[in-house]
Each structure stands twice: as C-alpha cells, then as structure tokens.
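Student: I have a structure open beside its sequence, and I would like to learn how to read it feature by feature. Could you take me through it?

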Amino acid sequence: MKKASVAEVQHNLNSVLKFVEQGEKVLLTRRNKVIAKIVPVYDTENDDWPSFYERAEEMFKETKGKNPEQIILDDRDERL
C-alpha cells in the first residue's frame with residue numbers, strides 16, 4: 001500500500017490515480033497522520049460490503065407507497 005501526503009497528491013494527482021487504477025491502495029496523510037484511504041472502485045477485498053439500497057429498502061419497507069405526510073403524522077402519534 002502506498003502512502004502520500006496531501007501536498008504530494010496535490011502536485012502528483014495523475015500519478016496517484018494511475019496507482020489506484022492499477023488496483024493499488026493509497027493512504028493519504030496530513031502531518032504524518034493517516035486521514036483517508038484512496039481505493040479502486042472495484043476493490044476485490046471488500047466485495048462483501050452491504051448494499052445501501054437493500055438495507056434502505058429493508059428499513060423502510062413498511063412505509064413504501066405511503067404518503068410522506070401520513071408517515072410523519074403516524075410517527076408523531078406513536079410517540080405520544
């Protein structure tokens with residue numbers, strides 16, 4: 001895994017992006033502290049990430065097709 005400071009990335013963005021396109025991960029640092037990780041979009045190590053869309057559908061399945069105004073009113077009634 002490569003490591004690059006914010007200043008290095010600002011000056012050499014094309015080089016950093018070439019590493020990422022080749023599947024390399026890059027740790028972004030500021031004052032020698034890691035602040036971010038730049039990874040390829042299709043990271044083979046994290047194929048098991050949960051789908052946000054599927055999780056949202058599961059969370060809000062009981063409100064599907066309902067009027068948003070009615071959802072809010074029902075929610076207020078439940079808290080009283």
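**Reading the sheet, a turn and a pocket**

Tutor: Let us begin with one pair of strands, keeping in mind that this is a predicted model. Strand β1 runs alongside strand β2, which covers residues 26–30, and the two pair in the parallel sense over four bridges. One such bridge joins Ser5 to Thr29 of β2.

Student: What holds paired strands to each other in general, and in which sense do β2 and β3 pair?

Tutor: Strands of a sheet pair through backbone hydrogen bonds, and the arrangement may be parallel or antiparallel. In this model β2 and β3 pair in the antiparallel sense, over five bridges, and one of the partnerships there is that of Leu27 with Lys37 in β3.

Student: What is the order of the strands in the sheet, and which of them are the edge strands?

Tutor: The sheet is open, has three strands in the order β1-β2-β3, and shows mixed pairing. Its edge strands are β1, residues 2–5, and β3, residues 33–38, each of which pairs on one side only. Neighbouring strands are turned against each other by 30 degrees on average, with direction ignored.

Student: Which helix packs on this sheet, and which strands does the helix touch?

Tutor: Helix α2, residues 13–21, packs on the sheet and touches β1, β2 and β3, and the direction of α2 makes about 145 degrees with that of β2. For the wider setting, the protein chain has four helices and three strands, and from the N terminus on its elements run β-α-α-β-β-α-α.

Student: Does Thr29 count as buried or exposed, and which residues does Thr29 touch?

Tutor: The general idea is to compare the relative accessible area with a cut-off, and buried means under 20%. Thr29, which is found in strand β2, has 8% relative accessibility and therefore counts as buried. Leaving aside residues up to four places away in sequence, Thr29 touches Lys3, Ala4, Ser5, Val6, Val34 and Ile35. Over the protein chain, 15% of the 80 residues count as buried.

Student: How many residues lie between β2 and β3 in the hairpin, and what is the phi of Arg31 in the turn?

Tutor: The hairpin formed by β2 and β3 has two residues between its strands, and Arg31 in the turn has a positive phi of about 50 degrees, although Arg31 is not a glycine. Asn32 also lies in the loop between β2 and β3, and Asn32 has a positive phi of about 65 degrees although it, too, is not a glycine.

Student: Are Arg31 and Asn32 buried or exposed?

Tutor: Here the cut-off to apply is that exposed means over 50% relative accessible area. Arg31 has a relative accessible area of 77% and is therefore exposed, and Asn32, with a relative accessible area of 76%, is exposed as well.

Student: How much space lies in the largest pocket, and which residues line the pocket?

Tutor: A pocket can be read by its space, its lining and the character of the lining residues. The largest pocket holds about 150 Å³ of space, and its lining consists of Met59, Phe60, Glu62, Thr63, Lys66, Ile71, Asp74, Asp75 and Glu78. By character, the lining divides into three nonpolar residues, one polar residue and five charged residues. Helix α4, residues 68–79, supplies the largest share of this lining, with four residues.

Conventions:
Residues numbered from 1 in each chain as written. Predicted model: local features only at pLDDT ≥ 70, side-chain atom pairs only at ≥ 80, totals over all residues. Heavy atoms only, no water. Pairing = 2+ DSSP bridges. Axes fitted to C-alpha atoms, helices over the stretch in contact; angles between N-to-C directions. Contact = heavy atoms within 4.5 Å. 1 Å grid on protein atoms, 1.4 Å probe; cavity = no way out; pocket = protein on both sides within 12 Å on 5 of 7 lines; lining within 4 Å. Points joined across faces, edges and corners; volume = space filled by probe spheres on them. Nonpolar A, V, L, I, M, F, W, Y, C, P; charged D, E, K, R; others polar. Buried < 20%, exposed > 50% of the residue type's maximum accessible area, 1.4 Å probe, protein only.
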